[in-house]
Structures are given as structure tokens and as C-alpha cells.
Amino acid sequence: MNVSETNKTYVKKMRPSHVYEGRGEWLFQGILIFIMVVLSITFLYPYWHVLVTSLTSPDAAEGSGFKLWPKVFSFDSYNQMFHTKTLWTGYKNTLIVVVMGWAVSISLNILGAYALSKKTLPLRGTFTGIIILTMFAQGGMIPTYLVVTKTLGMKNTYWAVILPQCVSVSHLVIMRNYFMNLPQELEEASIIDGANSFQVLIKVILPLSMPMIATISLWVIVSNWNAYFNCLLYITDASKYVLQIIMRRIIQTDSKEMTYAGELADQLETDTVTLRAASIMLATIPIICVYPFLQKYFVKGVLIGSLKG
Amino acid sequence: MRQFLLRVRQHKLHLIMILPVLAQFIIFKYLPLYGVTLAFKDYRILEGISSSPWVGLFNFQRLFSSPDFFRVFKNTIILASLNFVFGFPAPIILALMINELRGKVFKRVTQTISYLPHFVSWVILAGIFMEVLSPSRGPINAALKALGMNPIFFLGNPDWFRPTLVVTNIWKGLGWGSIVYLAALGGINEELYDAARVDGCGRFQRIYHVTLPGILPVVIIMLILASGNLVSDNFDQVFNLQNDGVINNVGDVLGTFIYRSGLKSLDYSFSTTLELFRNLISLALVMSTNKISKLVGEYGLW
């Protein structure tokens with residue numbers, strides 16, 4: 001079974017069976033639709049709730065219950081957040097990590113996967129073994145921490161956030177399989193024309209692989225946008241905190257000490273609840289905005305990945 | 001040998017291409033393996049790994065005599081089992097329901113909505129759930145109060161923390177997890193349904209006799225992959241949702257314990273020992289599930 005075939009059957013799937021179904025069918029469909037609507041509401045309501053809270057005037061925010069519309073509409077919390085330096089530092093650092101991380105990941109993955117897709121590559125089995133084995137043999141948090149901070153001296157650099165995670169076995173395998181399924185003729189033709197492997201890769205292979213590269217790029221970008229753990233481990237310099245770490249500090253309430261959100265709220269003379277809600281929204285909105293348009297690429301990728309290689 | 005060298009020359013550029021990936025794996029995956037020796041050493045920060053003294057199985061003794069370890073280990077197993085029992089079938093059921101839906105647009109819209117939580121990090125979701133599940137401000141507790149019940153502190157009450165983790169975990173992964181099954185459902189031969197219909201099967205009989213066997217191979221592969229998770233807890237989820245109310249009882253799992261003993265208490269040896277122990281169990285679990293599923297049927301991961 002190759003990739004395009006499965007995608008086709010997945011899209012094509014629309015059973016004409018209901019022609020034979022009797023009256024029970026209407027009831028059945030009704031129940032299904034009801035369940036799906038309830039599910040969709042449970043998926044969407046939490047974001048809506050926070051959005052409404054963030055748009056409520058800080059004085060009116062303490063109310064409880066379902067929030068369908070702000071009681072007293074106000075942009076105050078957003079205005080306040082826009083004036084904090086922390087937020088912009090977070091956006092800037094996240095942007096750096098996302099762009100650098102994407103560039104490093106995608107180029108390493110493409111180069112490695114393309115080389116591994118060559119069936120006559122010397123030591124191919126050894127290389128594959130080295131890569132697959134890491135799924136089972138892991139050093140763990142502290143040993144990796146020591147390598148990154150002591151051996152490489154990368155503490156407080158963006159590299160520490162990006163490099164330890166930049167190649168993933170599953171992405172490599174998906175890409176390699178995709179390259180192996182491409183028609184060989186074009187490649188051979190350009191080799192005869194005198195192109196070397198790098199030129200073949202850039203001029204022939206990459207243009208043919210754009211859908212797959214788009215999917216993997218999106219995965220890499222989303223995971224870098226959401227990543228916080230490496231930053232938590234390796235970054236102690238507050239001017240290099242990524243957005244998620246700043247969010248974590250704003251969101252986490254620690255009863256032992258004054259909360260970060262509380263500090264910010266005092267500085268800004270606003271309410272913690274709305275401030276927290278506004279910052280949650282600011283960190284989520286970029287994803288929610290692009291998501292509906294890119295969703296189909298993500299799904300396509302899962303289907304490519306779910307096939308055994 | 002001559003042939004090998006010939007192939008090397010032929011693939012010179014390909015070998016250069018694979019170098020960065022190999023370097024990444026060697027530096028960030030294999031170099032840390034040396035650090036696993038910390039589990040058998042008494043790590044002294046000033047002396048480094050290699051000159052710290054060997055202590056044999058002393059760290060494992062510490063591990064097994066620590067009351068924290070058993071509490072955390074128990075929590076991990078309970079939480080993972082709950083997640084498995086409720087979380088594994090959930091996406092399959094969702095996929096079956098979506099598969100039976102007729103309206104094309106409705107189907108696509110609900111699918112799109114259900115994938116959304118997958119893209120939001122636990123850092124952010126923790127903030128959202130704190131709001132929605134809050135005993136004073138949250139809508140769920142407002143509803144409970146309206147019904148005359150006492151509000152429940154879902155995240156801070158040890159009795160409610162586990163169910164909350166399980167439900168929120170399903171909420172996040174439900175839609176995304178269903179994609180694989182939907183793809184498998186799309187691959188089932190249409191004629192099988194027609195044949196079943198001719199034989200007089202009703203809707204649920206068709207689901208039982210055609211649909212379920214049709215997606216069984218995928219279910220088994222997912223089952224094997226899920227079995228390794230029995231000890232590798234949802235670190236991101238627990239880490240971001242845990243709080244002072246639950247951290248000393250039900251709200252602590254192996255992952256968070258490894259993190260705290262390593263980076264908060266700076267007990268590197270202990271943390272490494274814990275993680276080694278966890279990885280070994282996880283490996284054993286995946287291997288044995290794979291073995292069992294090979295014995296039972298012809299499906300296996302490798």
C-alpha cells in the first residue's frame with residue numbers, strides 16, 4: 001500500500017449504504033449528531049470561557065458560572081499586557097527558537113533521510129541501527145543535562161533549547177520512506193546530465209516532496225512553539241525565556257511565595273484573573289488562527305506516518 | 001572490500017549528508033548514555049562523572065528503601081492504568097461515531113474541532129483548566145452549586161485529582177487519536193458491508209462483524225505502542241497541573257519525581273537511577289506486549 005493510495009481511500013470514503021436503511025436511521029443519526037455537538041462544545045467552551053474572562057473588565061471578573069459574553073466589556077487586560085516588556089521578550093525568544101529550530105530540524109532531517117533512502121549507501125544498516133536504537137536506549141534527563149551544560153557549555157544559549165531535540169526518529173523514517181517511493185527516473189536523468197547529489201536533492205527531490213515537507217515543518221513549528229522543558233532546564237537568564245516559560249510563571253500559583261502573576265498584576269494595577277486569561281489568549285491565538293487553514297496538512301502527515309515503513 | 005570502497009566513493013556526498021544527523025545522535029543521544037553510570041556512582045559535582053567514586057547498587061538500595069519512591073511508583077501505575085483503560089478505547093469509539101455520520105460538512109467541522117486541543121501545550125491548558133475547574137469561578141462548580149451540591153476543588157483535592165487528570169488527558173488526545181482509526185476505517189472494503197447486509201446483519205452487527213475486525217491490526221499496533229506508556233507518565237500534564245494540595249500524595253509521578261530529585265534537590269545519582277529503572281521497565285513492557293501479540297495473532301511491531 002503506498003501513500004497516495006491510502007489517502008485516496010480515506011478521502012473517497014462515503015458509504016452509500018443509507019439507501020437501504022429504514023426509519024431507525026433518522027433516530028440514529030439524530031443521536032449521533034447530538035453527541036457530536038455536545039462533544040464539540042466541550043472542546044470549544046474552555047477557550048471561549050478564557051477569552052470572555054480576558055475581555056471582561058477587571059472589576060467584574062470575579063463572577064462565576066458559564067460565561068457566554070463579557071459582563072462589562074474591556075480591553076484593559078490586553079492593553080496592560082502589551083505594555084509589559086516580558087510579553088514581547090517572550091514572543092521574540094519564541095520566534096527565534098521556532099525559526100532557528102525549524103531551519104536546523106528540517107535541513108538535518110532532509111539530508112539524513114535522503115542519504116538513508118539510497119539503498120546502496122555503504123553502512124546503511126549500521127546507520128539505521130544507530131538511529132533506531134535511540135528509541136530504546138536513552139540517557140535520560142540528568143545525563144543529557146550534564147552533556148549540554150558541562151561538555152558543550154551551552155547553558156543559557158538558544159542552541160541548548162533547539163539542538164537536543166532537533167532530529168526525530170519518526171520524522172526521519174517518514175521522510176526516508178517518502179523519498180524511497182519517489183520515481184527514480186527523474187533522478188537518474190539529472191545525474192546523467194551531470195548533477196551531483198546535492199543538486200539532485202535540491203532541484204529534483206525537494207520540489208517533489210513539498211507536501212510532506214510542509215507537514216513535517218508544521219509539526220516541528222508547533223512542537224517548538226509549545227516547547228518549554230529544555231528552556232526550563234537550560235535557560236536561567238530571564239531575558240532569554242521563551243513565551244511558554246513566561247506563561248508557566250504567570251499561570252502557576254505557588255502558595256509559598258508571591259506569584260509572578262500577582263507581581264505583574266500589582267505593577268499593572270489590574271486583576272490577576274483577567275491578566276492570566278489575557279496572557280493565555282495571547283499565547284494561544286497564533287495557533288488557533290492558523291490552525292483551521294493548516295489542519296489538513298497535519299492530518300495528512302499522520303496518515304503518512306501511520307504506514308509501516 | 002574493493003566493492004565497499006567503490007560504493008563509498010560513489011556515495012561520497014550522501015555520506016556527507018548523513019554526517020550532521022549522526023553527529024546529533026552521537027552527541028545528544030549516545031554521549032549521555034555514559035552518564036547512566038551515575039546510577040552506580042556517588043556523583044560529586046566538583047569531580048565530574050568520571051572521577052566520582054563507584055558505589056555499586058547503593059543508589060538502587062536508596063531507591064527501594066525510600067517511601068517516596070513507592071508512593072510515586074504506585075501513583076504512576078494507577079494513573080497510567082486509568083489512562084489506558086479509559087483513554088485507549090475513547091478515540092476508537094469517536095472514530096466509529098464519526099464514521100457513521102452522514103453530513104459531510106458536519107463531519108469535517110466536528111473533526112477539525114476535536115483535533116484542536118492537541119495543538120495547545122499543557123502549560124496553557126493548565127491555565128485554562130484552572131479557570132474552568134476553579135471552585136470559586138468555574139462554570140462546572142457554579143452548576144454544582146445551582147444543583148445544591150458543594151463545590152469540588154478538582155485540581156486541589158486528592159480524591160478528585162486523578163479523575164481530573166484522566167478526563168483532561170482524554171479531552172486533549174481524543175480527536176487526534178481518532179485520525180489513525182478513521183484512516184483504517186476508510187480502508188475497509190465496501191463489499192464486506194454489502195455482503196453483511198445481504199446476510200441480514202443490522203447496524204450494530206455490521207460494526208461488530210465487519211468494522212471492528214477491519215481495524216483490529218491498527219488497534220493492536222496502537223496497543224503495543226501504548227503499553228510502553230504504562231510507566232512513562234504524562235510528564236507535561238502532571239507537571240503543569242500539580243500543586244501544593246496534591247504533590248505530597250496523589251499528584252506526584254515518576255517523571256515529576258525524577259525532575260525534582262535531579263534539578264531541585266540536585267541529587268543527580270538518585271535521579272538517574274530512577275530514570276534508568278523506569279526506562280528498563282518501559283522497554284520490558286513494550287517487548288513483552290509485542291511478543292504476546294505475535295503469539296496470539298500474526299501482528300507485531302517488529
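**Reading a two-chain predicted model**

Biologist: What does D194(B) count as at 32% relative accessibility?

Modeller: The scale goes like this: buried is under 20% relative accessible area, exposed is over 50%, and partly exposed is in between (1.4 Å probe, protein chains only). D194(B), at 32%, therefore counts as partly exposed. Before we go on, this is a predicted model, where local features need pLDDT of at least 70 and side-chain atom pairs count only at pLDDT 80 or more, while totals for chains, interfaces and linings use all residues. Residues are numbered from 1 along each chain as its sequence is written, chains are lettered from A and ligands numbered from 1 in the order in which they are written, and side-chain values use heavy atoms, with hydrogens and water left out.

Biologist: Which residue forms a salt bridge with D194(B)?

Modeller: For a salt bridge, look for a side-chain nitrogen of Lys or Arg within 4 Å of a carboxyl oxygen of Asp or Glu. Here the partner of D194(B) is R197(B), with the closest N and O atoms 3.0 Å apart. Both residues lie in helix α11 (residues 190-198) of chain B, 3 residues apart, or about one turn of the helix. Helices are DSSP runs (H or I, at least four residues), numbered from the N terminus. R197(B) has a relative accessible area of 15%, so R197(B) is buried. Elsewhere, salt bridges with shared partners tie D68(B), R71(B), D252(B) and R260(B) into one network.

Biologist: How many salt bridges are there over all chains?

Modeller: The rule gives 10 over all chains. One of them joins the side chains of E187(A) and K118(A), 2.6 Å from N to O. That pair links distant parts of the chain: E187(A) sits in helix α9 (residues 184-192) of chain A and K118(A) in the loop between α4 and α5 of chain A, 69 residues apart.

Biologist: Are E187(A) and K118(A) buried or exposed?

Modeller: Both are buried. K118(A) is at 11% relative accessibility, which means it counts as buried. Then there's D42(B), which forms a salt bridge with R44(B), the closest N and O atoms being 3.3 Å apart. D42(B) is at 32% relative accessibility, so D42(B) counts as partly exposed. R44(B), at 36%, counts as partly exposed as well.

Biologist: Which residues does K118(A) touch?

Modeller: A contact means heavy atoms within 4.5 Å. Leaving aside residues up to four places away in sequence, K118(A) touches R124(A), E187(A), H11(B) and H14(B).

Biologist: How many residues does each chain bring to the contact between chain A and chain B?

Modeller: Chain A brings 109 residues and chain B brings 99 residues. You can also look at buried area, the accessible area (1.4 Å probe) that two parts lose on being put together, summed over both. Between chain A and chain B that area is about 9500 Å², and carbon and sulfur atoms give 72% of it. The rule finds 0 salt bridges across this interface. On the side of chain A that touches chain B, helix α2 (residues 24-54) of chain A gives the most, with 19 residues.

Biologist: What packs against α2 of chain A?

Modeller: The buried residues of α9(B) do, together with α8 (122-132) of chain B. In helix α9 (residues 139-146) of chain B, the buried residues are P139(B), N141(B), A142(B) and L144(B). Just after α9(B), G148(B) takes a positive phi of about 85 degrees.

Biologist: How many aromatic pairs are there over all chains?

Modeller: Rings of Phe, Tyr and Trp (its six-membered ring) pair if their centres lie within 6.5 Å; planes under 30 degrees apart count as stacked, over 60 as edge-to-face and the rest as tilted. A search of the whole structure turns up 33 such pairs over all chains. Take F229(A) and F235(B): their ring centres are 5.1 Å apart and their planes at 75 degrees, so the pair is edge-to-face. This pair crosses between chains, from helix α12 (residues 229-234) of chain A to helix α13 (residues 235-241) of chain B.

Biologist: Why is the pair of F235(B) and F239(B) stacked?

Modeller: Because the planes of their rings are at 20 degrees, with the centres 4.8 Å apart. Both lie in helix α13 of chain B, 4 residues apart, about one turn of the helix. F235(B) counts as buried at 16% relative accessibility, and F239(B) is buried too, with a relative accessible area of 6%. For a bigger group, find F43(A), Y47(A), W122(B), F129(B) and W171(B), which form one aromatic cluster.

Technical notes:
Helices (H or I, at least four residues) and strands (E, at least two) are DSSP runs, numbered from the N terminus.
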